[in-house]
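This report describes selected features of the structure displayed below. It proceeds chain by chain and ends with an interface.

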Amino acid sequence: MISSLLAQAWTAPTIDWHAIAPELVLIAGINLVLLIDLWLDESKKWAMATLTGFVMLGAVIPVVTLAVLGGDVRDAIFDGRYVVDEYALILKALFLLVGYVVVLLSQNELEEGGYYQGEFYVLMLVSVLGMVMMASSRDLLSVFVALELLSIPAYMMAAWRKRDVKSNEAGVKYYLLGVFASGVLLYGMSFLYGTTGSTKLTEIGAALSGDLTGMQVLAVVFVVAGFAFKISAVPFHTWAPDTYEGAPTPVTAFLSVASKSAGFVALLTVLYLGLYGADEVHGPFIWVMAALTMTVGNMVALRQTNIVRMLAYSSVSQGGFILMPLAVMGTGAAESSLRAVVIYLLIYAFSNLGAFAVIIAVARKTRSGEISSFGGLITYAPGLGVLMTIFLASLAGIPPLGIWIAKLQAFKALIDAGSSSAYVLAIIAAVNTVIAAGYYMRVLRQIWMSPVPDGDTTPISPPSSIWLALGITAGGTVVLGILPGLVLRFADLPDLTGALGL
Amino acid sequence: MQTITNDTWLLTVGTFLPLVGVLLMMFVPASEEKTHKQIGILTSAVTAAVGVYTLLRFDFDQSEKLQFFVDSEWITVIKSNYTIGLDGISLPLYFLSMVVTLLVMIYTWDNMPDAGNPKSFIMLMLVLQVGMAGSFIAQDLILFFVFFEVVLLPMYFMIGVWGGDDRQYASLKFFLYTMFGSALMLVAFLALFFQTGAASFSFAHLMEAGALIDRDVQIWIFAGMFVGFAVKVPMFPFHTWLPDAHTQAPTQGSVILAAILLKLGTYGFVRIAIPMLPQGAKAWAPVIGILAVIGIIYGALGCLAQTDMKRLIAFSSVAHMGFVMLGISTLTDFGINAALFGMVAHGLITGMLFFVAGSVKHRYHTLEISRLSGMLIQMPRLGWILGFAAMASLGLPGLAGFWGEFPAILSAYNPNFGLSEALFRTLMVVAAIGTVFAAAYLLWLYQRTAFGRPNPEFEQGAHHPVGAGVNDEHHDVDLHDVTKIEWIAWTPFLIAIVVFGVYPQLMFGVMDPAVSLLIERVGAGIP
Amino acid sequence: MYAVNFLILAAVLFSIGVFGVIARRNAVMVLMSIELILNSVNLNLIAFAMMNNSPEGHVFALYVIAVAAAEVGVGLAMVLMIYRNRRSIALDELSVMKG
Amino acid sequence: MLGATLSSGWFLENAWLIPLIPAIGFVFIILFGKKMPQNGSEIGIVSIGISLAISIGATFQWIDRVNSASGGSDYASGGFFGAFRAIFPTAADGGYGASFVEPVVRSWTWWQSGGLEFGLGQHIDGLAIMLLLLVTFISFLVQIYSTEYVSGDRRYTHFFASLTLFSAGMLVMVLAENMLQLILGWEIMGLCSFMLIGHWWEEEANSRAALKAFFTVRVGDVGLLVGTAIIFFGANDWAVEHGSNGFSIRGISAWALSGEASQSVLFWGGVALFIASIGKSGQFPLHTWLPDAMAGPTPVSSLLHSSTMVVAGVFLVARLYPVFFVGFDILDTTVNFITIIGGITIIVAAALAFVQDDIKKVLAYSTVSQLGYMMLGLGVGAWLPAVFHIFTHAFFKCALFLGAGSISHSGSHHSFDMKKDMGGLAKKMPITAATWMVSTAALCGIPFFSGFFSKDEIIDNASHNGYQFFYYVALVGAFMTPAYMTRATYLTFFGKPRGAAAGEHHDEGHDDAHGAAHADHDDHHDDAHDDHGAHDDHGAHHGPHESPWRITAPLIVLSILAIGSGYLNAPAFGTHYFTDWVEPVGVEVALDDEYGHSSGEEESAGIVFAAVQAGDEEYDGKAKGCGFADPSEGTVCYAPKLSHAVFSWSKAMPSIILVFAGILFSAWVCMGIYGDRRNPFAGLTSKFAPARWIHTLLVNKYYLDHLYEKVIVFAFAHPIARAAYWVNQNILDAIVNNVGRGGRRTGEWVYRNVDQRVVDGAVNASGLAASEGGHALQPVQSGKVNQYGALLFGAATVGAIVLILVNI
């Protein structure tokens with residue numbers, strides 16, 4: 001038998017190094033940061049942030065080159081289980097950019113908190129790596145690995161303030177539930193694999209059509225539920241508020257934007273490539289989740305007095321809006337739904353990060369997370385006040401600010417589907433936009449119309465890094481709002497949809 | 001729709017020019033209040049100048065065509081273009097918005113609301129101007145929606161920051177109400193888009209394709225738009241935000257609100273809902289008519305119940321917009337002409353009334369009708385202006401108000417497209433009775449505020465008005481008559497009211513061709 | 001011998017695990033339960049791999065084992081951390097934040 | 001076209017200047033009045049003067065035109081002198097049934113909307129000419145009068161501005177070419193009446209009176225708007241087809257008589273329009289504002305009551321007569337809406353006039369009752385007499401009011417209270433007294449005074465056209481009018497001087513007046529205002545004396561006209577100039593083939609004349625012709641063919657007798673009540689017992705006085721009249737007031753309960769519900785990991801089970 005082994009000529013798989021360059025850059029960066037961190041003494045730790053930032057940007061370069069030169073789809077690698085196409089690239093770019101902004105945000109937080117900066121940035125890079133991989137994964141296995149890769153560091157980052165009870169609690173809750181969820185997810189995946197005989201999504205998709213067996217339905221539901229946890233869709237959202245509130249604010253920003261987006265990306269990929277045949281299973285399931293998510297998220301957000309917690313719930317309800325198009329992906333609106341989700345993810349990232357950036361900047365002065373602490377902000381920090389107005393207005397979906405176009409797309413997908421259930425969902429969403437406006441306006445009211453709580457009106461001077469973050473996010477929010485064409489172009493995805501033969 | 005592509009830059013410049021001012025002001029520290037006011041006035045003046053130039057360049061012989069037409073790509077993916085144009089229907093409102101903004105700016109010069117901070121105040125007004133002007137030139141549904149919404153936030157802040165005591169409640173109410181309306185409106189827009197084959201959002205296309213949608217669908221889509229626009233107008237059941245918003249808003253806010261913002265709703269009906277969904281419009285016309293007339297009577301009753309001058313004027317808006325909607329609901333070119341005229345007239349007159357109310361508040365620190373009297377003795381000019389505006393508002397022939405009111409009533413006698421004559425004639429009579437109510441509450445107001453002897457508590461130099469309400473900052477009462485700035489800001493209003501009243505052709509001439517064309521279209525859409 | 005038996009066994013394990021997660025208040029016990037769940041998944045994967053004799057199942061199972069190890073590592077670290085801060089690892093005391 | 005044979009002239013063609021000039025004058029007064037030496041009054045007088053001149057010119061040219069139409073156009077027409085020559089020779093032979101005189105119509109496009117074109121222009125025919133002359137003339141006199149009367153008033157300039165605009169408004173309405181223009185003038189007048197009645201607005205009662213006037217009229221205006229709409233849409237198609245439109249006066253008239261008009265449309269249109277007239281002309285149910293309007297300065301009252309404001313309603317009916325003629329089917333019924341209202345008004349108002357102490361109120365009620373006559377006249381088909389009555393009434397009523405003003409100005413120290421402050425003024429103020437007498441005589445309808453010729457014609461025609469009942473009503477009125485006028489005259493000029501008339505200042509009197517005024521909202525205290533108004537420079541005031549010339553001059557002129565104007569149309573003397581010049585002849589008028597081509601400038605009203613075919617058919621009872629038979633093909637009618645009762649003294653007798661009866665009876669009673677009869681037989685009685693008995697009998701006037709006073713007069717004067725007055729004050733008036741108050745109540749109720757609770761409440765509630773929902777959901781967020789896990793897994797499994805069940 002050994003002879004037979006020897007007899008077999010072994011040909012190494014051809015690897016498209018260019019295609020996986022971003023991942024490679026990140027990996028290299030991770031190791032670099034880790035090593036340098038060993039030698040660097042505490043006083044110079046600040047350099048870590050800069051270095052991480054450069055790593056992130058460095059990883060963007062190959063993404064860009066791929067987008068420009070690459071042109072055709074590169075699915076030769078790992079026989080189509082790991083694909084680099086426009087869809088993947090735009091999302092990779094997004095994740096890297098978000099990562100960069102979060103680095104900018106966390107820099108001073110960590111410095112002043114005297115936390116373990118080196119480790120933190122390493123973990124963050126790892127998590128981002130997971131996300132970047134997620135964008136390309138086309139196989140249950142790689143999806144799972146990417147998911148864990150981005151989650152596990154996130155668990156730790158959530159609990160980063162070791163001495164702080166809240167932070168611990170946040171970490172533990174996130175961790176336990178996260179692991180539990182991925183257990184459920186895996187269980188579903190195992191059935192999926194078992195009933196279709198493959199872990200490659202396209203093959204699953206091919207096999208999974210027509211009438212489904214009970215086992216397949218169970219599988220589909222568990223898989224969707226598993227991802228639903230990541231995107232904190234009601235009723236799988238319970239961890240989100242506690243974790244968001246407990247975790248350090250930059251981490252919260254990271255979770256509420258990056259890991260949420262990653263969850264959506266996973267869901268998208270799985271749904272579109274693997275489960276599109278099972279739409280009458282996950283269609284209703286997602287419909288209910290979307291409706292619940294936006295409604296519950298909004299209503300609870302109305303009651304919040306802590307701004308981070310409020311934003312947490314708001315991001316829950318935003319998740320509902322992002323889910324909305326997926327509820328009708330089966331009913332002929334597949335393409336517009338996909339586009340809607342991607343656009344939403346892109347723009348939502350800017351606005352939400354921006355909001356967090358302002359919160360961080362303000363909290364540096366007020367040392368409080370209460371909404372009331374924003375009272376009279378406009379009087380002593382007009383810049384931050386206006387920016388916050390822009391971000392919240394965008395989140396509320398008011399033209400011409402970012403998210404309006406995303407919301408428009410979402411509605412468009414629903415109306416496009418045209419089914420009565422879609423219309424019902426559209427009406428629910430319409431009502432929810434109003435409720436949402438309610439609590440966003442409450443913050444704005446504090447900023448513009450209320451007196452300064454403690455007559456302290458010393459102007460706020462955020463560090464340059466935060467200004468930079470604010471600049472990026474605000475710019476994105478406004479520009480994408482007025483000229484959505486810029487990103488909408490990336491959002492029509494012939495490749496992915498082509499794989500579906502749509 | 002025929003178009004003329006000349007001076008393509010004109011509308012874009014005219015609309016977005018205020019933003020230049022905003023940018024400028026960004027770099028001026030808030031402390032330099034005078035500079036900000038100057039920039040504000042300057043910007044709006046230049047904008048208005050562009051508006052005048054637009055008037056000069058506008059080809060009045062072809063006012064039914066879209067002029068200065070631009071159609072360039074904007075969001076190609078959702079097939080929405082940057083399509084703008086100006087025709088006889090939108091020209092008056094477009095120009096009005098510019099002029100009103102300018103005059104309000106001038107008024108602001110020495111009537112800055114108590115909250116201070118002119119920098120943001122003026123910036124907001126300029127942004128507001130962009131939204132208003134934009135909504136009137138937009139020829140693309142999405143573009144219209146965007147401008148329509150742009151107006152929202154600045155107004156929210158104007159009310160909420162510079163408003164009266166109950167401002168926060170009022171502003172939030174205004175915001176959520178409108179938000180709700182526009183959300184449903186958006187759904188309706190999209191439904192329309194897909195029902196017309198998802199080809200384009202441009203008005204021209206939708207007008208042709210929309211008529212082909214089958215009736216029931218049209219009715220449903222119209223319902224969505226109806227809510228959206230009716231909230232803005234506001235029509236009877238949706239009106240409750242208006243009195244609060246108006247009462248709480250600063251004078252400038254009230255004026256702009258009355259003069260322009262409310263018109264966005266009615267304009268939407270005329271420009272979008274009716275021509276694009278003829279059958280839906282026909283089905284809804286009776287409902288609109290009935291609600292409009294209810295609004296007329298109801299608003300009047302509301303006025304009679306008021307003890308606060310400004311709130312009374314606010315309620316009168318409900319009644320007047322009722323006349324406008326009545327004219328629209330007849331679906332006759334005659335009625336819609338009247339409605340359009342009524343919009344402008346109401347804008348001028350009610351705007352004027354709010355100006356006066358603002359100045360009264362500024363001098364007496366109260367608007368309690370029961371405490372004001374003998375204004376004619378203490379401030380004769382202000383008193384006469386109030387009288388003039390009141391007379392105009394109750395639809396006295398020879399003043400602008402009449403031409404919005406009487407033709408609307410007239411048109412209700414025989415509505416178009418076989419709408420129930422019995423119903424509309426009843427409406428006509430009720431509406432006519434409404435005019436009596438108008439006379440009642442306005443004269444009643446005038447008699448109690450302007451006539452009689454001054455209230456002793458407001459004798460010159462009296463301190464701390466007795467029984468002063470909460471809203472009285474206890475200033476010394478100094479009752480000076482109309483100031484120079486006020487004259488500058490008001491005279492154009494007064495002149496316009498008279499000129500349009502004496503020679504309505506000025507406006508009818510511009511609107512009529514466009515409206516007739518529009519009705520032709522509607523007629524073609526109704527089997 | 002039928003592959004179904006493996007699945008049934010896996011299901012039983014899974015259920016026990018779930019019960020543990022929901023019912024037990026001791027953090028360590030919860031971790032153990034989660035391990036049960038993951039192993040039930042492994043059992044599934046192997047069984048299926050044998051059923052439609054494809055290698056993917058095996059590979060998947062290996063990955064799951066590895067990941068599980070990592071997760072437990074993190075988990076135990078966290079449990080320790082809590083224990084340091086509040087001398088207890090009862091989960092239902094972790095409710096500083098609610099509502 | 002026919003214009004060639006019909007003479008015209010510059011004044012006729014440009015009659016539209018007549019209202020324009022005062023309007024411009026108004027603007028000038030507002031702008032520069034205060035700076036002028038005379039504070040703007042001169043501008044008013046001059047502008048009105050110019051209009052007056054133009055009107056006179058236009059009048060002559062119109063007369064000329066009429067003559068030229070009725071064959072007398074052989075000599076060169078045009079200019080005054082032609083007209084002068086024209087008047088007398090030709091008027092005689094141009095009898096009834098003369099040819100139709102085309103009105104001078106010009107129209108400019110005012111605005112167009114929805115394919116309809118609305119003009120602004122002039123429609124000059126006899127009626128218009130007559131009123132133009134009247135209005136400008138009287139306004140002119142009133143303005144001159146006012147320069148003295150309100151001199152030194154705080155708002156002297158405003159007063160003249162309003163006065164001028166007021167005249168302008170009336171003039172606009174008079175020469176209106178279409179309904180819209182008519183409405184325009186109508187409402188401008190309403191506005192000015194508001195400003196003028198409320199001139200002394202410091203007193204709340206005045207502003208209330210002003211409000212009441214405007215509001216009451218406005219109520220009527222609903223009728224105007226609705227009526228215009230009805231008529232417009234009724235007429236428009238037909239009218240456009242014939243080159244006119246549904247607003248044009250001529251279009252409407254022609255349509256109404258075309259026989260193609262639907263009876264019901266005409267009827268309801270007529271009703272609606274007449275409601276407007278009721279409001280404006282103070283007819284029965286809505287007349288209550290008119291006496292209150294006395295709150296205004298006296299010149300205003302005189303202008304308001306003689307030639308403008310209140311006449312507008314009558315003018316409206318006269319102007320659109322075809323509508324009412326056909327709509328109410330006037331010549332074929334014995335009772336109709338107009339006559340009923342007119343009749344009631346005559347009696348009710350006259351009765352009220354008996355119990356007034358305020359001289360201006362007596363006159364006010366008499367105006368109302370006279371307006372009743374005019375309406376009655378129109379109602380019974382006596383178009384011309386009614387219009388003629390407008391003409392004559394204007395002069396004497398204006399004279400009376402100015403007289404009353406003169407008295408209060410110089411005689412009674414700014415009081416109008418006959419019982420308190422007047423009496424015996426005849427000697428003190430001879431001119432005023434004389435003019436008053438003359439005008440009163442005219443008003444009473446004493447033969448050979450103008451009133452007689454017009455009023456008697458109305459009465460006569462009432463029976464002639466078969467309205468017997470209203471004939472009697474009119475006769476009763478003819479009795480009452482002199483009765484109350486005599487009373488007023490007696491109280492004012494005869495008997496013993498009282499109060500201010502006796503030269504004493506009794507302020508308590510004023511205070512009483514105040515008290516009374518505040519007690520009930522009927523303003524008995526014009527005196528108070530005249531104090532505020534004109535007292536300033538009359539502070540030093542010595543007893544009654546004759547007024548200065550600026551007051552007496554207009555009085556004299558007017559009183560002369562009060563006699564003379566009647567002879568323009570005195571059938572008794574065979575003069576019927578007025579008829580020839582004013583009455584549009586009801587004959588068929590052939591249409592030009594090419595009417596459609598209206599040039600917009602001239603003739604945009606469109607109906608153009610080819611030839612005039614004179615209605616030759618003899619007049620017999622109910623003749624053929626316009627209004628009875630539909631016009632033949634290609635022709636239209638503009639006026640119904642009306643018949644005139646032929647005057648005869650025998651027919652006039654009843655009314656004449658009643659008039660004198662009224663005077664004597666009233667005089668007798670008045671002396672009995674107010675005067676003190678000096679006993680001629682002083683001293684005799686003591687000597688001669690039977691003489692004493694006789695004396696006693698005589699002293700007690702054969703106890704007839706008792707009988708008359710205590711029984712008849714009391715029974716008649718007090719219960720009945722007071723009842724009427726009570727009804728007037730407490731029911732009709734109350735209604736008018738309560739409409740406002742009630743409306744406000746309802747408003748408050750709706751506002752509180754519907755608006756604030758229900759509608760608004762729903763909104764707020766929904767907001768609350770949302771956030772409460774959030775509250776309810778918070779427990780889910782217990783913070784317990786296990787529960788979270790349970791929720792997570794539970795949801796997943798439930799979902800799974802449901803979906804499995806669904807999908808298998």
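Two residues are in contact if their C-beta atoms, placed from the backbone, lie within 7 Å.

## Basis of the description

The model is predicted: local features need pLDDT of at least 70, side-chain atom pairs count only at pLDDT 80 or more, and totals for chains, interfaces and linings use all residues. Residues are numbered from 1 along each chain as its sequence is written, while chains are lettered from A and ligands numbered from 1 in the order in which they are written.

## Chain C

Among contacts in chain C between residues at least 6 apart in sequence, those joining residues at least 24 apart make up 48%. Three helices and zero strands constitute the secondary structure of chain C, where helices (H or I, at least four residues) and strands (E, at least two) are DSSP runs, numbered from the N terminus.

Chain C has a radius of gyration (taken over C-alpha atoms) of 17 Å. The globule rule (2.2 Å times the number of residues to the power 0.38) gives 13 Å for 99 residues, so chain C is more spread out than a compact globule. The C-alpha trace of chain C spans about 50 × 25 × 25 Å along its principal axes. Of its 99 residues, 42% count as buried; a residue is buried if 20 or more other C-beta atoms, placed from the backbone, lie within 10 Å of its own.

## The hairpin of chain B

In chain B, strands β1 (residues 67–75) and β2 (residues 80–86) run antiparallel and are joined by six bridges; two strands pair if DSSP finds at least two bridges between them. S72(B) stands opposite Y82(B) in β2(B). Four residues lie between the two strands of this hairpin, and K79(B) in the turn has a positive phi of about 55°.

## Two helices of chain D

Helix α5 (residues 126–149) of chain D has 24 residues, and its end C-alpha atoms are 34 Å apart, in agreement with the 34 Å expected at 1.5 Å a residue. The expected span is 1.5 Å times one less than the number of residues. Because 23 of its 24 residues are buried, α5(D) is largely enclosed by the rest of the structure.

Helix α15 (residues 337–353) of chain D, with 17 residues, reaches 24 Å from its first C-alpha to its last, close to the expected 24 Å. In α15(D), 13 of the 17 residues are buried, so this helix is also largely enclosed by the rest of the structure.

## Interface of chains A and D

Chain A places 29 residues in contact with 23 residues of chain D. On the side of chain A that touches chain D, α7 (165–196), α9 (214–230), α10 (239–246) and α12 (279–303) each supply at least two residues. The largest share, eight residues, comes from α12(A).

Key
Buried ≥ 20, exposed ≤ 12 C-beta atoms within 10 Å, placed from the backbone.
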